[in-house]
Amino acid sequence: MLLGKKIIVVLPAYNAERTLEKTYSEIPKDIVDEIVLVDDFSSDKTIEVSRRLGIDVIAHKSNMGYGANQKTCYKEALRRGADIVVMLHPDYQYPPKIITPMAGLVASGIFDVVLGSRILGGYALKGGMPVYKYIMNRILTLVQNIFTGQKLSEYHTGYRAFSREVLEAIPVLENSDDFVFDNQMLMQIIYFGYKIGEVTSPCSYSRDSSSINIRRSIVYGLGVLYSTIQYLLQKAKICHFVMFDKMGRENSNGRLGGRHE
């Protein structure tokens with residue numbers, strides 16, 4: 001716990017056998033109450049390694065996608081009574097040691113959401129981010145900052161800490177099951193006025209790191225632009241999109257996916 005808040009780390013995993021143990025070993029167990037791994041039908045020994053390490057595992061019976069994996073992660077964390085949920089990739093691309101400051105900024109009430117930014121401090125390229133991904137990251141971030149009025153250093157990090165209130169309120173279940181899920185979630189958080197903070201996060205790209213290819217990166221980029229357009233149209237009250245409706249779908253384990261008032 002941290003400041004009386006229960007902290008659960010969720011690990012959305014797919015073929016993370018080689019990096020999982022290193023990631024797990026650096027999670028700060030002094031403040032983290034529980035660790036839950038959701039395996040999206042890996043073809044390697046991710047589940048076996050998880051169980052050997054004593055990590056609680058939820059296994060999808062088919063490959064459902066990155067966004068669907070996170071939906072399961074957040075449902076389970078809320079079901080277990082988390083006050084703060086930290087989403088960490090088990091491929092060791094992000095340093096687990098900064099869970100403490102990220103969770104601390106949420107636990108203190110200063111921010112509702114905290115992002116681990118690879119751009120702050122200039123760590124993205126130093127950590128091996130492919131140049132084309134860096135350029136795309138910067139362009140998409142600039143576009144979204146202009147149209148949302150935010151000043152975030154990046155919208156595309158996979159390292160995030162959330163308050164329970166945020167996960168209960170935003171209609172997460174209306175989002176994509178694919179990679180654009182992350183960006184849709186941020187658009188929702190901005191739309192509903194939650195406070196977003198950032199901390200500097202070094203990154204490490206290796207052959208074992210999870211990464212999408214150029215084609216899927218382009219699809220992701222188009223999805224980001226589309227979610228930005230949806231945000232603008234919703235803010236202008238020109239159109240209504242269910243992803244910005246707090247009355248969106250609920251799940252059977254709690255209130256993730258929309259709050260019925």
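In what order do the seven strands of the open sheet stand? The order is 3-2-1-4-6-5-7, and the pairing is mixed. Before going on, a reminder that this is a predicted model.

Now the edges. Strand 3, residues 56-59, and strand 7, residues 196-200, each have a single partner strand, so each is left with one side that has no neighbour in the sheet. Going across, the average twist from one strand to the next is 20 degrees.

Take the edge at strand 3. Its connection to strand 2, residues 34-39, consists of four bridges, and the two strands run parallel. For V36, the bridge partner in strand 3 is D56.

What packs on this sheet? One element is helix 8, residues 181-191. Helix 8 touches strand 4 (84-87), strand 5 (113-117), strand 6 (160-163) and strand 7. Relative to the direction of strand 6, the direction of helix 8 makes about 40 degrees.

Next, the surface. Which residues make the nonpolar patch of about 450 Å²? They are Y132, I214, I218, L222 and L225. Helix 9, residues 214-235, supplies the largest share of that patch, with four residues.

I218 is one of the patch residues, and I218 is found in helix 9. Is I218 buried, partly exposed or exposed? Its relative accessibility is 45%, and because partly exposed covers the range between under 20% for buried and over 50% for exposed, I218 counts as partly exposed.

That is the sheet, the helix packed on it, and the patch.

How values were computed:
Residues are numbered from 1 along each chain as its sequence is written. This is a predicted model: local features need pLDDT of at least 70, side-chain atom pairs count only at pLDDT 80 or more; totals for chains, interfaces and linings use all residues. Side-chain values use heavy atoms; hydrogens and water are left out. Patches are made of residues with over 30% relative accessible area and no salt bridge: like charges are joined within 9 Å, nonpolar side chains (Val, Leu, Ile, Met, Phe, Trp, Tyr) within 5 Å. Accessible areas come from the Shrake-Rupley method with a 1.4 Å probe; for residues, only the protein chains shown count as cover. A salt bridge is a side-chain nitrogen of Lys or Arg within 4 Å of a carboxyl oxygen of Asp or Glu. Buried means under 20% relative accessible area, exposed over 50%, partly exposed in between (1.4 Å probe, protein chains only). Two strands pair if DSSP finds at least two bridges between them. Axes are lines fitted to C-alpha atoms, for helices over the stretch in contact, and angles run from 0 to 180 degrees between N-to-C directions. Contact means heavy atoms within 4.5 Å.
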